[in-house]
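Student: I should like to learn how to read the features of a protein model. Could we go through one together?
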Amino acid sequence: MAPILLPPNQPEDAMYAGGAQITSFRSCAPCSSHQPEDWVASTTCGHGSNGVGYTRLPDGRLLRDAVTSSPDTWLGADHVAKFGPDTKLLVKLLDAGQRLPVHAHPHRDWAAKHLGAKHGKAEAWYVMTPGSVWFGLREGMERDELLSLVTAGRGTEVLARMHKIDVEPHQTIYVPPGVLHCLGEGVMVVEVQEPEDMSVLCEWADFNIDGEKHGHLGLGFETALTAVETKARSADDMAKLIKDAKPSDSVYPDASREYFELERRKIDGRGRLRRGFAIVIVIEGNASMTVEGADKLTLKRGSTVVVPHADGDFTLEGNIDVLVARPPQ
């Protein structure tokens, strides 16, 4: 095995606009108006889709199938003993070409009960470009009120009850399951999440989706909205979920670490990173990546790499700023 440099994986016809910031970041060909997500080293497909979103390796195999067929090689025996042949990760580059709709993602217990899913969808963002996000309710509401607003097509009114937070590059935000949120127009993030695609929508006007049909995970809104947190959170509560991502082995707030890990490493010269299944994203600079017994891999801004556990420790040499996403410990 050796680290694998991955091409863009931007599904078409997403429900919201965007994608130009991703192609600029990765120095690749322009995309269409609605390709706002690059699914990096993905073993997950879009909800209800026929495989859209899966990463295909250079040898033609789906990464999902490669991991399943040789889990100890990809993930390590300890990981497999605890989690099975499951990467526990979905990483995306996400470019909000328009404000996203107000939505939330289920907790894994809710997802298991109602959808038979192995995971929920906790997620966290590493902010790449400045802008605003809406996140959590400033004013709580009764669940019946939320249901009435959504089914009446007035879900946009929920936005006014949410915390609006201005964000800067190199901040991170943890979005717990159930918490309402949306990115503002122009914000690009690296998003690390549980490996599922499941969203409960509160609005869909002006978006490329039939929300009445697809906004409730096939369960109906009365059931789907039970996955959504309706209590208020204070400004202090929200501040605990935001962190300045100085170079460190862990740049996400501690509450997220039961689901995934994200490191930021700035290297000027030579640096060694610990072994383990990893998804690497270069946010600035250039370097070579080496593992024992393999050729050097040349990395630059926008490069994305998947590293199998069997490769052991890996070395970066150059001047580079990288993010390294990993499964939970």
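Student: Is Asp13 buried or exposed?

Tutor: In this predicted model, the relative accessible area of Asp13 is 61%. A residue counts as exposed when that value is over 50%, so Asp13 is exposed.

Student: Where is Asp13 found, and what is the sign of its phi?

Tutor: Asp13 belongs to the loop that links strand S1 (4-5) to helix H1 (20-26). Its phi is near 60°, a positive value in a residue other than glycine.

Student: Which loop holds Ser27, and is Ser27 buried or exposed?

Tutor: Ser27 sits in the loop between H1 and strand S2 (37-40). With a relative accessible area of 55%, Ser27 is exposed. Its phi, near 55°, is again a positive value in a residue other than glycine.

Student: Let us turn to the domains. Which residues does each domain cover?

Tutor: According to the domain assignment, domain 1 spans 8-243 and domain 2 spans 256-326. Their centres, taken over C-alpha atoms, are separated by 24 Å. Domain 1 brings 30 residues to the contact, and domain 2 brings 23 residues.

Student: How is the size of an interface often given?

Tutor: It is often expressed as the accessible area lost when the parts come together. Here, domain 1 and domain 2 bury about 2,300 Å² between them, and carbon and sulfur atoms give 74% of that area. On the side of domain 1, the residues that lose the most area to domain 2 are Phe25, Trp74 and Leu89. Together they account for 25% of what that side buries.

Student: How many salt bridges does the rule find across this interface?

Tutor: The rule finds one salt bridge between domain 1 and domain 2. In the salt bridge of Glu258 with Arg108, the closest N and O atoms are 2.7 Å apart. As for polar contacts, seven residue pairs are found across the interface, with both residues at pLDDT 80 or more.

Student: Which elements of domain 1 each supply at least two residues to the side that touches domain 2?

Tutor: They are H1, helix H3 (71-75), strand S3 (90-95), strand S5 (123-127) and strand S10 (188-193). H3 gives the most, with four residues.

Student: How many residues on that side of domain 1 are nonpolar, polar and charged?

Tutor: The side of domain 1 that touches domain 2 has 16 nonpolar, eight polar and six charged residues.

Key: Residues are numbered from 1 along each chain as its sequence is written. This is a predicted model: local features need pLDDT of at least 70, side-chain atom pairs count only at pLDDT 80 or more; totals for chains, interfaces and linings use all residues. Side-chain values use heavy atoms; hydrogens and water are left out. Buried means under 20% relative accessible area, exposed over 50%, partly exposed in between (1.4 Å probe, protein chains only). Domain bounds come from an automatic or database domain assignment. Contact means heavy atoms within 4.5 Å. Buried area is the accessible area (1.4 Å probe) that two parts lose on being put together, summed over both. A salt bridge is a side-chain nitrogen of Lys or Arg within 4 Å of a carboxyl oxygen of Asp or Glu. A polar contact is a pair of N or O atoms within 3.5 Å; within protein, one must be able to donate a hydrogen and the other to accept it, and residues adjacent in sequence count only if both atoms are side-chain atoms. Ala, Val, Leu, Ile, Met, Phe, Trp, Tyr, Cys and Pro count as nonpolar, Asp, Glu, Lys and Arg as charged, and the others, Gly among them, as polar.
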